[in-house]
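Hi,

Here is the structure I promised to pass on to you. Have a look at it first, and then read on for my notes.

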Amino acid sequence: MEPLTTISTAIVAAVTAGATAGVTAVGKQTIVDGYSALKKAIKDKFGKDSKSVQAIKELEGDPDSKARQGVLAEKIEDEKVYEDRSVIKIAQQLILMLDKSESGCQALAKYNVRIKNSHVEIIGDHGTVIHHHYPKPDADTENYTQKDWENWYLKRLIQQCDNLEMTTLDELCPPKDGRAQGIRISDVFTTLYLEDVERFEDQTVAQAILRPPSDNADFVHGKKERNRLPIHAIEAAGALPHIVILGRPGGGKSTLVNHLATQTALIRKGLSVRHDDLTGWPAEEKLLPVRIVLRKFAAWIPEKRKTATEGLVWDYLAYQLSEWGCAEFYPFLKQILNTTGGVIFFDGLDEVHEQDEHQKRSQIVAAIAAFAQPLHKCRVIITCREYAYRKDDAWHLPSAQFPVVALDLFRSDQISQFTQTWYRTIGKLRDWSETKCLDEADQLNNAIDTWPHLRALARYPLLLTLMTQVHGRDGYLPRDRADLYDRAVKLLLVHWENRIVRDQNGTCKMEPGLIAQLGIRSDTLRAALERIALAAHEKQEQKKERSGCADIAREDLRLELCESLSIGLDQAEEVMVYIQNRAGLIQALDNRTFAFPHRTFQEYLTAGGIMKKSDFDDDLRQRVLRDQPWWQEVFLLAAGASRSTPRNIYQLMDALLPNDPDDTLMTPKNVACARLCAQAFAETEFLEQVRQEQTLQAGRYTRIHKRVQQWLLNALTADDKLSPQERVDAGNALNWVEDPRFDPQHWHLPKGDALGFIAVPAGKLQMGSDKAQDPEAMDSELPRHPVKLAEFAIAVYPVTVAQFKVFIKETDFKLDSNWYQKNVYANHPVTMVTWEQAQAYVRWLNAKLKGRQVMLASEAQWEMAARGPTSRIYPWGDEAIDPNRANYDMQIATTSPVGAYSRGVSYSGAMDMAGNVWEWVADDWHHKYKNAPDNGSAWIDEPRGPLRVFRGGGWRGPARACRSAYRFRHLPGFRLDYLGFRLVLRPGQ
């Protein structure tokens, strides 16, 4: 049974608004009839002498009288009118009719009642919804049809899924004409793409997802370029019967599920939805949506339940529908899923806390698999955090039946789309003009484009939502993640300071906010929350399953509040009741369990608790060394929170990385600490402190900077101690502290007089392949033939992103957002470059070099530098390729920092000539070497042929493509995310 006061409020609002609108709404006979039906229902049920009937008559004479409204609410409760479902249903219908007329809306607005998704909401302070009321069907009505029950269920599902909870952080939606407003997920949902999966125009989404990583379909044997298209997460979910969708924390997994559930529910109801809201979803499908939050499912599983059958899921669905007040729909739901089909969402596999004695996660996975197997007409969609879903885990679903995809973070176009949509939505609620909305969105977008730290934050949907709210409130943007969470914490504390409205006896009563109730300062409460977060995070570290936020037991929270705030147990209990009624920095999961709203809030507050200790540096160092994956985010947020105190940042890094590198210390654990320090450099802009110090005299800031650089540089070539992925991670981290191998003063070419070019002596090359020596030789590598080359010099690395960006900046060269998306790290080889763009870079650099001239290598020069006169099969020799020598066959799944594979060094000393990226050369394509030049020059037709050659294999390519003789071709205007180029100096220089 719903709380009495909220039912009373709904009936009182219906009566008073109906009385007012019924008098003023000329011609609105339906309202008059509805109001009369409500009065008649009360009179028929409780008699003409009913006190409620008398109170209604008195209220009609003065509908605006708060006193008469209060009397009516009191009589309704005295006579238990709220228990009569026919009365409630008629009141609901009357409110729905009122909402459709102008005068009715104005009348409803006076009484804090609004319509949302065809249900009634009772509104509290600042637009806070303090009660939802649904038109529950009369239990005594036997004629209630399956369709009626389904519509009621779908309304409930939409209400559950379409609410954007983040809007409670701020008063972004002020009441309008006395009527509260809100934002739905469907108002602001922005398309999500899959990560590292694209498709060709002539390829289905399913084919692209199910294609094995080593498939060489990317190599196009034709003259026509095929466009690669991003795949929408929604179309991926609609392309396969079963799918597991992984994502980062705050990456939009649950939002995607909620949006899909809402939109499919609307379609099921026969309503139209916008095409952009369901991009790629099968238009003909009208499946019944079912959403199961796996955390709640796990909590429900009876302790004695040991078997993991499909019946476990069915039993939970019966329980869930009962909780929703529509248990009668269960047999219909089961029939629909078995016959006509549905789309079933299992949200948050990573949030299931597994206990050793019960193995709940394994139990749930087995139950899901058993449940899905016979439902041939249903789609099954499962979400999980990506780091919590490993192939070797026992609870991993079978990949053959449940293929896995991952959500990409927001790209530039998505960030822009979200901010524009957000401000248009907010602007309507604030009566902004279209120009004002676009100006606010442009201001935010320009800042994101300008500031790299904001761009990194904005890629996460959760953090971008926070940024928009902080920007909307403060008018300026955060400097980094720690600043963002600091301001969000303050926002939530302000939310707790606001008054809350409670309905009592039909009247609204204002109560002071939490901070005023306790009589404490907000910073005192914040310090208490930091201690609670630290205790919870430390306790969660010991658990096997620790994804999501820590569960904070009610009694633990009560005791901590007592101690931290110096209040009694009774007052602490009142605080927790308050928390349950108003979401904030801690939220009630149920009557016994609390948690922070997102894991990063927990980690940020934990960092604040540690930084208040006198030995914070040693304390945090011990925690990171004990369990770096668990404490690294705390370390970074602690450093970020210390931005204004750079000495604290130095102390954190010096404690974590106290020694200069040497061979005995080069372990994965120590290198991980160096990477963490480098990330702290980036997130706090500590490098600026180093530069300022160097203008005076090099000191401790400079020393820690050089120490971190040297650790990462040494790690890059430690192929006997570190795995390829660990070396790549170290090389990526070098970008955060400036890769010391390159010279910013000389266009980011390698440091030294030679500018990174190494001599290749004159000699004779046996160019091409011999199938007797190399069974994998291709016809295009034949015939093997002698070539005599003069001495030349080749770049030790392919052209890097940093080098190409200087050219872009100085020439105002225009590239699209996709280029920037694929070229993130400065010390990676540049990709997405056409042959013509490579030649444009050559012309620009030649103008800079003054006296030395560069060019693309000829095929012969490239092959000579790679394999030398002895005709090695691979750049390092004839030994078979392995993942420690080259980045190929999706081993790393992206480009890698140049020089990270020292065991793959070529004959000439050049790096990365096998794998990483394909490299354009100067030659036109010829199918065989018949009549090829024998002097090492580029083989160029007159007029030029339509195709150009590239060499070297790439990170996507198979092992055979990394052979030194392997060659491929495409149009000179073609570009891919594994295609770059390398330079040579003209002979004689």
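Below is what I found, going from a sheet to a helix pair and then to the salt bridges.

Please keep in mind that this is a predicted model.

**The sheet**

A good place to start is an open sheet of four antiparallel strands, which follow one another in the order β18-β21-β27-β22. The edge positions belong to β18 (757-760) and β22 (854-856); each has a single partner strand, so one side of each has no neighbour in the sheet. On average, neighbouring strands are turned by 35° against each other, direction ignored.

Inside the sheet, β21 (residues 792-795) and β27 (residues 983-985) are antiparallel and are joined by two bridges. If you want to find this spot on screen, look for I794, whose bridge partner in β27 is V984.

Two helices go with these strands. Helix α36 (residues 859-867) packs on the sheet and touches β18, β21, β22 and β27, with its direction at about 75° to that of β21. Helix α35 (residues 835-849) lies across β22 and β27 and runs at about 170° to β22.

**A helix pair**

Next, take a look at α16 (residues 412-429) and α17 (residues 434-450): their axes come within 8 Å and cross at roughly 145°. The crossing is right-handed. On the α16 side, the contact includes I415, T419 and Y423, while the α17 residues include L438, A441 and L444. The residues of this contact divide into seven nonpolar, five polar and three charged.

**Salt bridges**

There are 48 salt bridges in the structure, and three of them may interest you.

- E198 pairs with R228, with 3.0 Å between the closest N and O atoms. Because E198 sits in strand β4 (residues 193-200) and R228 in strand β5 (residues 228-232), the pair ties together parts that are 30 residues apart in sequence. E198 is buried, at a relative accessible area of 15%. Both residues also belong to a network of salt bridges that links E198, R228, K822, R956 and D977.
- D277 meets R274 at 2.9 Å, N to O. D277 is buried at 7% relative accessibility, whereas R274 is exposed at 52%.
- E573 meets R554 at 2.6 Å, N to O. This pair links helix α24 (residues 569-581), which holds E573, to helix α23 (residues 554-565), which holds R554; the two residues are 19 apart. E573 is partly exposed at 26% relative accessibility, and R554 is buried at 18%.

Happy browsing, and best wishes

Terms used: Residues are numbered from 1 along each chain as its sequence is written. This is a predicted model: local features need pLDDT of at least 70, side-chain atom pairs count only at pLDDT 80 or more; totals for chains, interfaces and linings use all residues. Side-chain values use heavy atoms; hydrogens and water are left out. Two strands pair if DSSP finds at least two bridges between them. Axes are lines fitted to C-alpha atoms, for helices over the stretch in contact, and angles run from 0 to 180 degrees between N-to-C directions. Contact means heavy atoms within 4.5 Å. A crossing is left-handed if the near helix is turned anticlockwise from the far one by less than a right angle, and right-handed if clockwise. Ala, Val, Leu, Ile, Met, Phe, Trp, Tyr, Cys and Pro count as nonpolar, Asp, Glu, Lys and Arg as charged, and the others, Gly among them, as polar. A salt bridge is a side-chain nitrogen of Lys or Arg within 4 Å of a carboxyl oxygen of Asp or Glu. Buried means under 20% relative accessible area, exposed over 50%, partly exposed in between (1.4 Å probe, protein chains only).
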